[in-house]
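Here is a short note to read with the model open beside you. Take the points in order and find each residue as you go.

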Amino acid sequence: MSMRRCEIVQQADRLTEEQIIEGLKNRRSIKWYAYVLHDSDTYTKEDEASNPEHKQGEPKPPHWHIIIVFYENQQQHMKYVARWFDVPQNYVQKIKSRYVEDAFAYLIHRNAPSKHQYDPSKVKANFDFTEFVANDSTFLTRQDEIIAQITTGIITRVNMTEHIKPHEYVEYKGAIENS
């Protein structure tokens with residue numbers, strides 16, 4: 001499957017930063033990339049419900065999140081991207097959100113307020129990620145709030161009109177429907 005943008009998530013004991021750097025090196029098809037080590041995440045109640053071995057509050061193993069955006073005319077097949085990093089193909093996922101900013105925001109959990117908030121300076125990117133987070137108007141705090149309330153169950157399909165104004169629904173429809 002060819003992709004315009006993708007995310008790779010892999011355990012730190014199976015992927016090193018050196019492998020990431022090597023995988024990104026000299027790839028002319030890459031427009032933007034950013035990656036970070038999530039080393040302070042803990043299992044949630046939902047994680048425990050889906051796998052009893054994952055106890056709520058216990059630390060998750062450190063893992064890398066890598067976001068890659070390709071130039072419009074240079075889409076890549078996930079099997080080749082997997083080879084760049086020497087990871088199984090199923091660890092390369094197409095980013096489905098219309099807004100790639102959502103994926104970049106997730107690197108620091110900006111759009112997941114109940115999770116550990118990572119410092120933007122820990123993200124390595126081929127652009128100024130810290131400035132991007134600080135200045136990019138597409139990081140909509142109201143959208144982040146709505147999505148967080150949907151994922152935590154405060155906003156449901158039944159009570160959506162009580163929490164979301166019609167113009168907000170129209171503006172954030174894609175993100176809302178993907179939550």
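**Notes on salt bridges, pockets and three residues**

1. Start with Glu72. Glu72 is exposed, because its relative accessible area is 56%, and the cut-off for exposed is over 50%. Keep in mind that this is a predicted model.

2. Glu72 has a partner. Glu72 and Arg4 form a salt bridge, with their closest N and O atoms 3.3 Å apart. The two residues sit in distant parts of the chain, 68 residues apart. Glu72 is in the loop between strand 4 and strand 5 (76–77). Arg4 is in the loop between strand 1 (2–3) and strand 2 (5–11). Arg4 is partly exposed, at 42% relative accessible area.

3. The structure holds 4 salt bridges in total. Another of them joins the side chains of Lys124 and Glu17, at 2.8 Å from N to O. Lys124 belongs to strand 7 (residues 124–125) and Glu17 to helix 1 (residues 17–24), so this pair ties together parts 107 residues apart in sequence. Lys124 is partly exposed, with a relative accessible area of 40%. Glu17 also counts as partly exposed, at 22%. Buried would require a value under 20%.

4. Glu22 and Lys25 make a salt bridge too, with the closest N and O atoms 3.5 Å apart. Glu22 is partly exposed at 46% relative accessibility. Lys25 is partly exposed at 42%.

5. Now the pockets. How much space lies in the largest pocket? About 860 Å³. Its lining counts 29 residues. Those nearest the centre are Tyr106, Asn111, Ala112, Ile147 and Thr151.

6. Which element gives the largest share of that lining? Helix 6 does, with 5 residues. Helix 2 (45–50), strand 6 (92–94), helix 4 (100–106) and helix 6 (141–151) each supply at least two residues. By class, the lining of the largest pocket has 10 nonpolar, 11 polar and 8 charged residues.

7. The second largest pocket has a volume of about 180 Å³. Both partners from point 2 help to line it: Arg4 and Glu72 are in its lining, which also includes Lys31, Trp32, Phe70 and Tyr99. Strand 3 (30–38), strand 4 (63–70) and helix 4 each supply at least two of its lining residues. The classes here are 6 nonpolar, no polar and 6 charged.

8. Look next at Asp47, in helix 2. A polar atom of the Asp47 side chain lies 2.9 Å from the backbone nitrogen of Thr44. Beyond four places in sequence, Asp47 touches Thr42, His54 and Lys60.

9. Leu37 is in strand 3. Is Leu37 buried or exposed? Neither label fits: Leu37 is partly exposed, because its relative accessible area is 25% and partly exposed runs between 20% and 50%. Setting aside neighbours within four places in sequence, Leu37 is in contact with Ala12, Pro62, His63, Trp64 and Tyr118. From Leu37 to Thr16 the C-alpha distance is 10.0 Å, with their positions 21 residues apart in sequence.

10. Finish with Pro88, in the loop between helix 3 (78–85) and strand 6. Pro88 is partly exposed, with a relative accessible area of 40%. Not counting residues up to four places away in sequence, Pro88 touches Gln10 and Ala82. Tyr172 is 84 residues from Pro88 along the chain, and their C-alpha atoms are separated by 33 Å.

How values were computed. Residues are numbered from 1 along each chain as its sequence is written. This is a predicted model: local features need pLDDT of at least 70, side-chain atom pairs count only at pLDDT 80 or more; totals for chains, interfaces and linings use all residues. Side-chain values use heavy atoms; hydrogens and water are left out. On a 1 Å grid over the protein atoms alone, a cavity is a set of points where a 1.4 Å probe fits but cannot get out, and a pocket is an open set with protein on both sides within 12 Å along at least five of seven lines; lining residues have an atom within 4 Å of a point. Grid points are joined across faces, edges and corners, and a volume is the space filled by probe spheres set on the points. Helices (H or I, at least four residues) and strands (E, at least two) are DSSP runs, numbered from the N terminus. Ala, Val, Leu, Ile, Met, Phe, Trp, Tyr, Cys and Pro count as nonpolar, Asp, Glu, Lys and Arg as charged, and the others, Gly among them, as polar. Buried means under 20% relative accessible area, exposed over 50%, partly exposed in between (1.4 Å probe, protein chains only). Contact means heavy atoms within 4.5 Å. A polar contact is a pair of N or O atoms within 3.5 Å; within protein, one must be able to donate a hydrogen and the other to accept it, and residues adjacent in sequence count only if both atoms are side-chain atoms.
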